[in-house]
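I opened my notebook to look up a few things in this structure. Here is what I wrote down as I went.

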2 protein chains.
Amino acid sequence: MTAKPKILLAEDDENLGQLLHTYLQSKGYEVTLARNGKKAFQSFTAGNYTFCIFDVMMPEMDGFTLAKEIRELDKKIPILFLTAKAMKEDKLQGFAIGADDYLTKPFSMEELLARLEAILRRVEGPSKSADEQLMVGTIPYEPELRVLHLKDGSKKLTTKENQLLHLLVKNEREILDRQSTLRAIWGDDNYFNGRSMDVYIAKLRKLLKEDPSIEIMNIHGKGFKLIIK
Amino acid sequence: MTAKPKILLAEDDENLGQLLHTYLQSKGYEVTLARNGKKAFQSFTAGNYTFCIFDVMMPEMDGFTLAKEIRELDKKIPILFLTAKAMKEDKLQGFAIGADDYLTKPFSMEELLARLEAILRRVEGPSKSADEQLMVGTIPYEPELRVLHLKDGSKKLTTKENQLLHLLVKNEREILDRQSTLRAIWGDDNYFNGRSMDVYIAKLRKLLKEDPSIEIMNIHGKGFKLIIK
DNA sequence: ACTTAGGCTTAACGTTTTTTAACAGCGGAC
DNA sequence: GTCCGCTGTTAAAAAACGTTAAGCCTAAGT
């Protein structure tokens, strides 16, 4: 329903820029990468963006100046700044311009994504990306509705089943680290929560075995990995 | 066109509080003045505000804690903080919570007004605010009047039914945290209030089942989520 | 004062979801 | 191969939730 959000990314460091570009694209965003503030501004005036991510330190035009110019044109577009150091002065200046959030390097991709999505939720409000339909192998899966459409009828997933499956699917073919997962879903990674997670893995395997090409593989001592053969 | 914005002002200093109250009223705003964070929170849950101005230092509950509680219930309402000193730490903490602006005492009335209106422009933009008619799926709902327009006649909601439904609707597709909700509506989150809330969820489900695309989903151990399919 | 009606809470019971326990099998280190 | 910690699975126990109805309080009417 809601279109793919268009992100304007301004970052002069080639490596980081490419990395972010690729990562955000892989998460379903349309991304334009600009190597300096001037180019970013040009892109902004040309395209129709829903979100900005600006490095503070850039040649030609720094992130703050860029943001100020853009604020002139769009009072509401969310802006997230990236900066090399935890410079409080900068941080304040950023917020004064109307930043929506602020990330200090180094940061993890996940953290960036989390903040980005938090802001989008806050901004887009009710009408956010909702009814996305994913596929687990040949099985349709609607994480928002917590429903798995099996051959013999739709199965409503419980909260935990859904959280775990959603994580697996979002990280298909990647290792889902045990500890992180426990902290993400159970809030704490003690022994018992670990066993609880194993129980849920077993439940999911049972549910998904109608499609034999689906495998939830255990990586001994690390975590699990969802594989579609 | 747009109704008079309702401002929630939390300020423990009698003089400043009165001054601001009078000034903002004279500028056409409807203002509620609370003398401490606790009272402010109560007022917030009772009324339907469009803007918050909180003093950071207050007895009972400080401005940040207050803001955090309120952010649980309303992700988007603008919050502007007032503080005695230019404490950068505080400033950052405030923005992290989701402050929209920040004013250091002493400040001029004009400056406050300017910032306030700048934020309102930024926020109101599209066409939000006010006490109008909402839709729950296909069912018209007027929270101010506490009326739900069902197919077979209008149903007048009780206070609690209305508070809970209103919260659910304002947070559509977001988790309504059990604890925050209990504190907001029941004032305290003990076991029995929890059960009471469950009773009201059941009531609402029954009322809303005329539209099968509406679901009040339980998030086990967390709270509830209103979903329109 | 007495009664009534409405609204909220408490109780009770059934159901679902999650955790804990128990035991069997596996995997890598030695 | 042997040992020990990790995983797979199932079942029982515990916690959370869903629902209905009875009880309780308060405010309004008589």
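**Entry 1: strand C**

I started with the surface near DNA strand C, where "near" means that a heavy atom of the residue lies within 4 Å of the strand. The largest share of this surface, six residues, comes from helix 8 of chain A. Helices here are DSSP runs of H or I with at least four residues, strands are runs of E with at least two, and both are numbered from the N terminus.

I noted that this is a predicted model, in which local features need pLDDT of at least 70, side-chain atom pairs count only at pLDDT 80 or more, and totals for chains, interfaces and linings use all residues. Residues are numbered from 1 along each chain as its sequence is written, chains are lettered from A and ligands numbered from 1 in the order written, and side-chain values use heavy atoms, without hydrogens and water.

How many residues surround DNA strand C? I found 21, and the closest are Thr158(A), Trp186(A), Thr158(B), Trp186(B) and Ser196(B). Of the strand C atoms that come within 4 Å of the protein, sugar and phosphate account for 78%.

Next I looked up polar contacts, which are pairs of N or O atoms within 3.5 Å; within protein, one must be able to donate a hydrogen and the other to accept it, and residues adjacent in sequence count only if both atoms are side-chain atoms. A side-chain N or O atom of Ser196(A) is 2.9 Å from a phosphate oxygen of strand C. For the side chain of Tyr200(B), the distance from an N or O atom to a phosphate oxygen of strand C is 3.1 Å. Lys160(B) uses a polar backbone atom, 3.3 Å from a phosphate oxygen of strand C. The elements that give two or more residues to this surface are helix 6 and helix 8 (191-208) of chain A, together with helix 6 (159-170) and helix 8 of chain B.

**Entry 2: strand D**

I then turned to DNA strand D. It is surrounded by 21 residues, and the closest are Arg178(A), Arg195(A), Arg205(A), Arg195(B) and Gly221(B). Of its atoms within 4 Å of the protein, 63% belong to sugar or phosphate and the rest to bases.

Which part of strand D lies 2.8 Å from an N or O atom in the side chain of Arg195(A)? I found a base nitrogen there. Gly221(A) has a polar backbone atom 3.0 Å from a phosphate oxygen. In Gly221(B), a backbone N or O atom lies 2.9 Å from a phosphate oxygen. Helix 8 of chain B gives the largest share of the surface near strand D, six residues.

**Entry 3: helix 8 of chain B**

I looked at this helix by itself. It covers residues 191-208, 18 residues in total, and reaches 26 Å from its first C-alpha to its last. That is close to the expected 26 Å, where the expected span is 1.5 Å times one less than the number of residues.

Then I checked burial: buried means under 20% relative accessible area, exposed over 50%, and partly exposed in between, with a 1.4 Å probe and protein chains only. The buried residues of the helix include Asn193(B), Met197(B), Tyr200(B), Ile201(B) and Leu204(B). The buried residues cover an arc of only 130° around the axis, which puts them on the same side of the helix. The arc is that of the directions from the axis to the C-beta atoms. On the other side, Tyr191(B), Phe192(B) and Lys206(B) are exposed. At the helix start, a side-chain oxygen of Asn190(B) reaches to within 3.1 Å of the backbone nitrogen of Phe192(B).

**Entry 4: cores**

A nonpolar core is a set of buried Ala, Val, Leu, Ile, Met, Phe, Trp, Tyr and Cys residues joined through side-chain atoms within 4.5 Å. Which residues have the most contacts inside the largest core? They are Phe54(A) and Phe54(B), in a core of 74 residues. The largest share of this core, six residues, comes from helix 8 of chain B. Another core, of 26 residues, lies apart from it and has Tyr141(A) among its members.

**Entry 5: Asn162(A)**

I finished with Asn162(A), in helix 6 (residues 159-170) of chain A. Buried or exposed? Asn162(A) is buried, with a relative accessible area of 7%. Its side chain makes a polar contact with the side chain of Tyr141(A), at 2.7 Å.
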